Amino acid sequence: MAEHDPQADFQFSADSLDQYATYEDYLDSQISETDLFYLEDEELARQLIELGYRGTGETLRREDFDARKKSERERNAQKTNLPKQLASAGKDFSQMPFLSALATREEMVRNGKLTSIIFIRDRNPKGQEVSGYIDYALRLKSEPFEPYFERKKRLLPKPSDLSYYNWETQTCTSNSSPNFQVIADSETGLLFKNKRDRKVINVDPKANPGDNSTRTEIKTTEYMQVVIYDHMTRRKN
């Protein structure tokens with residue numbers, strides 16, 4: 001006798017079993033009011049349906065029900081764990097050097113292999129000149145980036161970023177992030193310490209940016225000035 005294949009039962013019913021917490025719930029769904037009226041015994045009605053004497057369509061055996069439930073749970077778990085599509089995916093940045101630079105870094109920043117600090121100096125919607133340092137990873141995590149990559153929004157520093165300065169109102173703020181500690185040094189100026197490997201990034205354009213760090217100035221007409229500081233993080237084993 002050929003071994004029964006529980007997967008074959010998918011041919012009889014494409015309905016998901018998520019709605020049934022137990023095999024008994026599954027059997028109860030096939031019990032009609034007429035069955036209960038004549039049998040007057042819910043347990044007997046379940047037994048008849050399990051044996052295939054009552055109910056509609058092909059009734060799964062208990063082991064097949066359990067196998068399908070397990071398979072559905074595994075498939076749902078796989079869907080949940082699928083990586084989200086990058087916000088920059090499928091977009092053309094050939095004429096947009098800044099967005100191209102962000103797109104190039106997006107995947108590595110999202111998976112934690114790279115941390116990037118973005119310095120931007122430009123004018124806000126009120127025409128005021130603002131500048132600041134942005135933790136790219138934090139922004140990616142805290143807000144949708146599709147509008148930026150689709151050019152529906154412009155990326156500008158905010159008072160909640162690592163550092164922010166409004167040249168007109170002279171508003172100045174600084175905030176450490178989950179990735180960087182802000183250090184205001186009277187001699188060297190503004191420094192950012194990476195919280196993962198404790199390395200310090202020096203954003204002084206005349207200084208070395210630090211171990212495992214690089215400074216890249218982006219030539220773009222979209223902003224007054226853009227500089228990206230990249231830091232390759234190395235976890236201790």
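In the predicted model, the hairpin formed by β1 and β2 has five residues between its strands, and within this hairpin G127 adopts a positive phi near 85°. The two strands of the hairpin, β1 and β2 (residues 129–135), are paired in the antiparallel sense over seven bridges, and D122 is placed opposite V130 of β2. On its other pairing, β1 runs antiparallel to β9, to which it is joined by eight bridges.

These pairings belong to an open sheet of six strands, in which the order is β4-β3-β2-β1-β9-β8 and the pairing is antiparallel. Because β4 (172–174) and β8 (213–217) stand at the edges and each has a single partner strand, one side of each remains without a neighbour in the sheet. Between neighbouring strands of this sheet the average turn is 10°, direction ignored. Towards the β4 edge, strand β3 (residues 163–166) pairs with β4 in the antiparallel sense over three bridges, and S163 has S174 of β4 as its bridge partner. Helix α5 (residues 97–110) packs on the sheet, where the helix touches β1 (114–123), β8 and β9 (225–232), and the direction of α5 makes about 155° with that of β1.

Strand β1 is mostly covered, with eight of its 10 residues buried. One residue of this strand is S116, which counts as buried because its relative accessibility is 0%. The bridge partner of S116 in β9 is D230, and the side chains of S116 and D230 are also joined by a polar contact of 2.6 Å. When residues up to four places away in sequence are not counted, the residues touched by S116 are R105, V109, I134, D135, Y136, I228, Y229 and D230. S116 in β1 is thus linked to D230 both as a bridge partner and through a side-chain polar contact.

The largest nonpolar core comprises 25 residues, and those with the most contacts inside it are F98, L102, I118, I120, F149 and L155. At least two residues of this core are supplied by each of α5, β1, α6 (136–142), α7 (146–149) and β9, and the element that gives the most is α5, with six residues. For I120, one of the residues with the most contacts inside the core, the contacts beyond neighbours within four places in sequence are with F98, V130, S131, G132, I134, L155, L156, P157, Y223, Q225 and V226. Another core, of 11 residues, lies apart from the largest one and has L162, V182, V227 and Y229 among its members.

Outside the six-stranded sheet order given above, a further buried polar residue was examined. N202 is located in strand β7 (residues 200–202), and this residue counts as buried because its relative accessibility is 14%, under the 20% cut-off applied to buried residues. A polar atom of the N202 side chain lies 2.9 Å from the backbone nitrogen of D204. With neighbours within four places in sequence left aside, N202 is in contact with T188, L190, L191, A207, N208, P209 and Y229. Of these contacts, Y229 is also listed among the members of the 11-residue core and among the residues touched by S116.

Key. Residues numbered from 1 in each chain as written. Predicted model: local features only at pLDDT ≥ 70, side-chain atom pairs only at ≥ 80, totals over all residues. Heavy atoms only, no water. Pairing = 2+ DSSP bridges. Helix = DSSP H or I, 4+ residues; strand = E, 2+ residues; numbered from the N terminus. Axes fitted to C-alpha atoms, helices over the stretch in contact; angles between N-to-C directions. Contact = heavy atoms within 4.5 Å. Buried < 20%, exposed > 50% of the residue type's maximum accessible area, 1.4 Å probe, protein only. Polar contact = N/O pair within 3.5 Å; in protein donor to acceptor, adjacent residues only side chain to side chain. Core = buried A, V, L, I, M, F, W, Y, C linked by side-chain atoms within 4.5 Å.
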